[in-house]
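Got your viewer open? Let's take a short walk through this one, a stop at a time.

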Amino acid sequence: MWFAPLLLLGGGFIAGLMNSVAGGGSLIIYPILVAVGLPPIIANATTGVTVFPGSLSSAYGYRKHLRKLPARYYLIIPPAVLGGYVGATILRHTSDHTFSHVVPWFLLFGLILIILQPRIMAWARKRRGHHKRNTMHTLFWLAVGSFTISIYGGYFGAGYAIVLLAFLGFTELTDIHEINGYKNLISVAVNLTSSIYLICYGLVQWSILPWLIIGNVVGGYLGATYSTHLPKKSIRWVIIVVCTFVTAILFTRAYY
């Protein structure tokens with residue numbers, strides 16, 4: 001398709017913007033890669049590699065907020081990395097046929113998370129109000145939780161950042177920008193682990209990555225830099241409409 005580079009560039013930009021502000025960028029990229037002819041597993045692995053630079057640039061965009069992050073929260077990152085490795089391992093042993101039937105359900109799950117995102121964030125803020133200090137016992141269970149949800153992040157990843165955002169409601173963090181920066185930092189660690197694993201097994205389509213990565217890095221950095229000025233509600237509803245349409249198409253292709 002002659003317009004494929006523009007489609008990939010635009011998809012990468014939107015995904016980077018989404019991942020920076022809230023999450024769910026994979027909901028846009030994965031269907032685009034399937035539409036241009038990639039097998040499901042290759043499309044998913046390539047999506048993971050694509051969103052990594054955007055997550056990295058987003059984390060860098062939040063660097064001044066991350067400097068205020070208490071050092072003990074870095075203890076939650078290693079279990080998340082291990083979870084990402086486990087998820088990538090499960091993905092490698094999944095057939096394209098099975099994955100194509102599972103993905104629409106993951107997309108539906110991610111779509112529901114985007115729809116419920118304001119409620120999730122409200123709950124997270126309320127939850128944070130009940131925790132003034134995290135003990136080591138609490139941090140242990142946070143580490144267990146980060147490992148568990150990061151298995152999903154390493155396997156598919158769409159909506160992972162939104163789940164992670166809700167998960168951080170169990171911490172004492174109160175600054176939404178600090179939370180977003182920390183969310184992006186964990187996402188970078190998990191994504192890097194799963195991406196390296198999948199690259200080693202030749203599951204990434206390198207030829208289309210430049211367009212996706214350029215768009216993703218720009219979208220991720222601009223989203224982090226101008227997050228307070230973006231019309232988040234309008235963007236979220238446009239994404240909901242598009243993702244609903246895409247999910248319906250993938251359900252139709254998988255089951256009919």
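Start by selecting helix α2, residues 26-35: nine of its ten residues are buried (under 20% relative accessible area, 1.4 Å probe, protein chains only). Those buried residues are Ser-26, Leu-27, Ile-28, Ile-29, Tyr-30, Pro-31, Ile-32, Leu-33 and Val-34. Just past the end of α2, click on Gly-37, which takes a positive phi of about 110 degrees.

A quick note before moving on: this is a predicted model, where local features need pLDDT of at least 70 and side-chain atom pairs count only at pLDDT 80 or more, while totals for chains, interfaces and linings use all residues. Residues are numbered from 1 along each chain as its sequence is written, and side-chain values use heavy atoms, leaving out hydrogens and water.

Next, show helix α3 (residues 40-61) together with α11. They pack at an angle of about 30 degrees, their axes 8 Å apart. Since angles under 35 degrees count as roughly parallel, α3 and α11 are therefore roughly parallel to each other.

Now switch on the surface and select Phe-13, Ile-14, Tyr-60, Ile-214, Val-218, Tyr-221, Leu-222 and Tyr-226: together they form a nonpolar patch with about 710 Å² of accessible area. Patch members have over 30% relative accessible area and no salt bridge, and nonpolar side chains are joined within 5 Å. Two elements give two or more residues to it, α1 (4-21) and α11 (209-225), and α11 gives the most, with four.

Last stop: Leu-222, in helix α11. Is it buried or exposed? Leu-222 is partly exposed (between 20% and 50%), with a relative accessible area of 33%.

Key: Patches are made of residues with over 30% relative accessible area and no salt bridge: like charges are joined within 9 Å, nonpolar side chains (Val, Leu, Ile, Met, Phe, Trp, Tyr) within 5 Å. Accessible areas come from the Shrake-Rupley method with a 1.4 Å probe; for residues, only the protein chains shown count as cover. A salt bridge is a side-chain nitrogen of Lys or Arg within 4 Å of a carboxyl oxygen of Asp or Glu. Axes are lines fitted to C-alpha atoms, for helices over the stretch in contact, and angles run from 0 to 180 degrees between N-to-C directions. Angles under 35 degrees count as roughly parallel, over 145 as roughly antiparallel, 65 to 115 as roughly perpendicular and the rest as oblique.
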